[in-house]
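Morning, everyone. I have one structure to go through, so please have a look at it before I start.

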Amino acid sequence: MTENGSARVLDGNAAAGLLQQLFVFDIATAQIQCGACGSTAAVGSLHLYAAPMGAVLRCTHCDSILMTAVHTPHGCWLEMTGARYLRS
Ligand SMILES: [Zn+2]
């Protein structure tokens, strides 16, 4: 643990409890906001472009890519750079 100004800096293990709350929810009903157009929708309502290794989910308003999920021999990967937030 180190001090950074007035905020304490810990490692990511200290956020495990909070992150577990965020990642245990019904993903289909979670709300996602598009970073391109600002629209918000349930993940289950997005347009899915399925591929053999995974899925690309696009905004129903502007067609921007919001989520890409891929399963590889090295693990599962989730990329969400097109989304502003995901809310359970
Ligand atoms: Zn959009």
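Is Cys37 buried, partly exposed or exposed? Keep that in mind while I set the scene.

This is a predicted model. Mean pLDDT for the protein is 88, with 93% of its residues at 70 or more. Confidence varies along the chain: among the elements, strand β1, residues 2-4, has the lowest mean pLDDT, at 51, and strand β3, residues 31-34, has the highest, at 97.

Now the metal site. The zinc ion is held by four sulfur atoms, the SG atoms of Cys34, Cys37, Cys59 and Cys62, at 2.3 to 2.4 Å. Along the sequence, those donor residues follow the spacing C-x2-C-x21-C-x2-C. Why do we call the arrangement tetrahedral? Because the four donor atoms subtend angles of 104 to 114 degrees around the zinc ion, and the criterion is that all angles lie between 85 and 135 degrees.

Back to my opening question. Cys37 has a relative accessible area of 37%, so it is partly exposed; that class runs between 20% and 50%. Cys34, another donor to the zinc ion, has a relative accessible area of 1% and is therefore buried.

One last residue. Asp63 sits in the loop between β6, residues 54-58, and β7, residues 65-72. What is phi of Asp63? Phi there is near 70 degrees, a positive value in a residue that is not glycine. Most residues other than glycine have a negative phi. As for accessibility, Asp63 comes out at 37%, so Asp63 counts as partly exposed.

That is my part done.

Note on methods
Residues numbered from 1 in each chain as written. Predicted model: local features only at pLDDT ≥ 70, side-chain atom pairs only at ≥ 80, totals over all residues. Heavy atoms only, no water. Donors = N, O, S within 2.8 Å, 3.2 Å for Na, K, Ca; no water. Tetrahedral: all angles 85-135°; square planar, octahedral: opposite > 155°, others 65-115°. Buried < 20%, exposed > 50% of the residue type's maximum accessible area, 1.4 Å probe, protein only. Helix = DSSP H or I, 4+ residues; strand = E, 2+ residues; numbered from the N terminus. pLDDT = per-residue confidence, 0-100.
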